[in-house]
Amino acid sequence: MPAGSRHLEQKLGDIAGAEDLVDGGEPGSALFGAEVGSEDTAVDAFASQELASSARSKETSSIISMIQSEGDQYCRMLVLIVVSLVFFFFFFFYYYYYCGHEQHHGNIKNQHVPPGSLGFPVIGESWSFVQALREERGSEWIQKRVAMHGNIFKTSLMGCPTVIVTGRLSNKFVFSADDETLSLKQPPAVVMLAGKYSIFELTGPRYKLVKSVVLRFLKPEALQEYIGPMDSLVKNSLEHILTMKVKDSSTIHIVPFMKRLTFNLTCSLLFGLHDEPTNEALFEDFSDLFKGLWSVPLNLPGTAFRRALRARSRIVRRVVLIMKSRREKISEGLLSAKSDMLSGLLAVEEESTDHSSTLSDEEIIDTFVTMMVASHDTTAILLTLLVWKLARDPEIYQKVAQEQTAIIKERHEKSNGELTWSEIQKMKYTWRVAQEIMRMIPPVFGNFRKAMKDINFGGYNIPKGWQVFWEASQTHMNNEIFNNATVFDPCRFENSSTSIPTFTYIPFGAGLRMCSGNEFARVEALTVMHHMVKNFEWSQLIPNEPITRNPMPYPSKGLPIKLKVKET
Ligand code: HEM
């Protein structure tokens, strides 16, 4: 019996406990709910009694409605006060223990830190930064501060003093640093929802172990195996549109369509999950989890974060059951470490000779959740933006269509009309369009690191415990690096290995923590676009639909388009 199975019942118990915590609520929120509830009930009961005894008295009725409305106001005030207090204490606690506490232990004690403003106490400049991101003005927000203070400046984001670093040298500094200097750091909500053993949180030997398994399923040899199944999955999804939507001459919203498609591809190809109802349920839960990732981590009734925590509980329960059946299949020899990423992670314990190279159930679950989060929304954004760009720019559409048509014409008989690995390699122009989109609208705006010790960079001190934030737009939109940076020109990527300096084009990050799935995303995006362009022409239904970041950049109305089936 595999070691993991021995702990399975215990794990189910633990996980059920976690669910209770979320459902039953922590003491604070339960109390909060009871107080408000009892207030409502008291007013209602009182009002009903009064109504029964003096139903005909108009005077009494008006007194009752006055009491009711005062009661409502009181309730609302109480709710506001409690929420504000919880909010305040949360930030105070977070600021003091998570950031401030470590700051005072640094040796350089805030001397000669970068210029800039820490903004309001505790909240810092988070509000204006998030607002700017929402309006797709994040780059402008940073540019304004760069103009005032230079490429390295301080601010305060999410309750932590933060140094924003921009430009090629800063990118090099962040992406070349080791985990003992700058460690990857996710916002608290991401840590709680993706899990404390998420690959984004791991360092040292545990990180190396998980990453080695993950990379086995994302290297070019593995990707070649995915082409056939990916091709038929994409074809089926588009056929579904053809039969369901276009014949009714209805419209399709690209954002939800691409999200579902990329989710199904990750489930099926990376994790070997082929059961439709399971994938459907997982999709719903991951959608809720995703909405909570960037929220304030307050587990209060009605919050996105609470819904996301509940979704995570359901996902965990489901994955535990899937893991149980996988372990059985592996021990029966029906599946192997090579079958899919989940089986690969489970089989680590079978392959290992000592405890240091086994993975716990928690580590496997958190890796699963993280990979689902990291892989599907990012690629869905890239695909959405490709469809958006091709709808707005007929010339680009024509060039992409020409490339795809030439590939179909050249297709060798023996490939049975199916897409092949070598055809993917021929889609050079289509990929350049994708690269140029990610230059101008990077799906990942930037990311946080945490200074693990006092650091001196660019003549400034960054105290231990402070956050460091890298961002892509300042190099992506720099005219000295990308000639006429505001002009959409896919050809600038023609000889990108020689013409684009290192650490200046970073949609997938760079260095040790560079995106593990960049090639998977490329193959996926090209496969989907191949079939889209082969079958359809399309137009945008809301011509000036704005792009909004939340924090990923999406057309704000979900990109409704009208599809026209191409004559073959
Ligand atoms: C267009 C699609 C994608 C974009 C733009 C993107 C972007 C990024 C970026 C910027 C990072 C680095 C974060 C940092 O250094 O702070 C990253 C990391 C990562 N991405 Fe992606 N990603 C995409 C698709 C994918 C896919 C499809 C997968 C998996 C199949 C994936 C898995 C990962 C993983 C595991 C990491 C963490 C790597 C590590 O810490 O070693 N990504 N991604």
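**Helices, salt bridges and an iron donor**

Trainee: How does R260 count at 28% relative accessibility: buried, exposed or partly exposed?

Mentor: The model is a predicted one. Buried requires under 20% relative accessible area and exposed requires over 50%. R260 has 28% relative accessibility, so the class that applies is partly exposed.

Trainee: Which residue meets the side chain of R260 in a salt bridge, with 2.7 Å from N to O?

Mentor: A salt bridge needs a side-chain nitrogen of Lys or Arg within 4 Å of a carboxyl oxygen of Asp or Glu. For R260 the N to O distance is 2.7 Å, and the partner is E280.

Trainee: How many residues apart in sequence are the parts that this pair ties together?

Mentor: R260 lies in helix α11, whereas E280 belongs to helix α12, which covers residues 276–293. The side chain of E280 is partly exposed, having a relative accessible area of 37%. Because the two residues sit in these two helices, the pair ties together parts separated in sequence by 20 residues.

Trainee: What distance separates the closest N and O atoms of D288 and R314?

Mentor: D288 is partly exposed at a relative accessible area of 23%, and R314 is partly exposed at 28% relative accessibility. The two form a salt bridge, and their closest N and O atoms are separated by 4.0 Å.

Trainee: Which helices hold D288 and R314?

Mentor: The salt bridge between D288 and R314 ties together parts that are 26 residues apart in sequence. R314 is in the helix of residues 304–331, α13, and D288 is in α12, so the helices asked for are α12 and α13.

Trainee: Which residue forms a salt bridge with K426 at 3.4 Å, N to O?

Mentor: K426 is partly exposed, its relative accessible area being 42%. Its partner is exposed, with a relative accessible area of 54%. The side chain of K426 meets, at 3.4 Å from N to O, that of E410.

Trainee: How many residues apart in sequence are the parts tied together by K426 and E410?

Mentor: The salt bridge in question joins K426 and E410. Helix α17 (residues 421–426) contains K426, and helix α16 (residues 394–410) contains E410, so the parts tied together have a sequence separation of 16 residues.

Trainee: Which residues do salt bridges with shared partners join into one network?

Mentor: The count of salt bridges in the model comes to 23. The pair of R260 and E280 is one of the salt bridges. Through shared partners, one network joins R260, E280 and E284.

Trainee: How far apart are the end C-alpha atoms of helix α11?

Mentor: Helix α11 runs over residues 254–271 and has 18 residues. α11 is mostly covered, with 14 of its 18 residues buried. At 1.5 Å a residue the expected span is 26 Å, which agrees with the separation of the end C-alpha atoms, 25 Å.

Trainee: How many of the 32 residues of α15 are buried?

Mentor: Helix α15 (residues 361–392) should span 46 Å at 1.5 Å a residue, and its end C-alpha atoms, 47 Å apart, agree with this. α15 is largely enclosed by the rest of the structure, because the number of its residues that are buried is 28.

Trainee: Which residue follows α11 with a positive phi?

Mentor: Helix α11 ends at residue 271. The residue that follows α11 has a positive phi, near 60°, and is G272.

Trainee: Which protein residue is the single donor to the iron atom of the ligand?

Mentor: The unreviewed UniProt entry places a "binding site" annotation on C515, and this residue is found in the loop between α20 and α21. C515 is partly exposed, at 32% relative accessibility. The iron atom has a single protein donor, an SG atom 2.3 Å away, and that atom belongs to C515.

Trainee: What is the accessible area of F120, I123 and W127 together?

Mentor: W127 is found in helix α5, residues 126–134, and is exposed at a relative accessible area of 64%. With F120 and I123, W127 forms a nonpolar surface patch whose accessible area is about 400 Å².

Trainee: How far apart in space are S128 and L157, C-alpha to C-alpha?

Mentor: S128 also has a place in helix α5 and is partly exposed, at 33% relative accessibility. S128 and L157 are 29 residues apart in sequence, and their C-alpha separation in space is 9.8 Å.

Notes. Residues numbered from 1 in each chain as written. Predicted model: local features only at pLDDT ≥ 70, side-chain atom pairs only at ≥ 80, totals over all residues. Heavy atoms only, no water. Patch = residues over 30% accessible without salt bridge, like charges linked within 9 Å, V, L, I, M, F, W, Y side chains within 5 Å. Areas by Shrake-Rupley, 256 points an atom, 1.4 Å probe, with all protein chains shown as cover. Helix = DSSP H or I, 4+ residues; strand = E, 2+ residues; numbered from the N terminus. Buried < 20%, exposed > 50% of the residue type's maximum accessible area, 1.4 Å probe, protein only. Expected span 1.5 Å × (residues − 1). UniProt positions renumbered as here; feature names shortened; annotations may be inferred. Donors = N, O, S within 2.8 Å, 3.2 Å for Na, K, Ca; no water.
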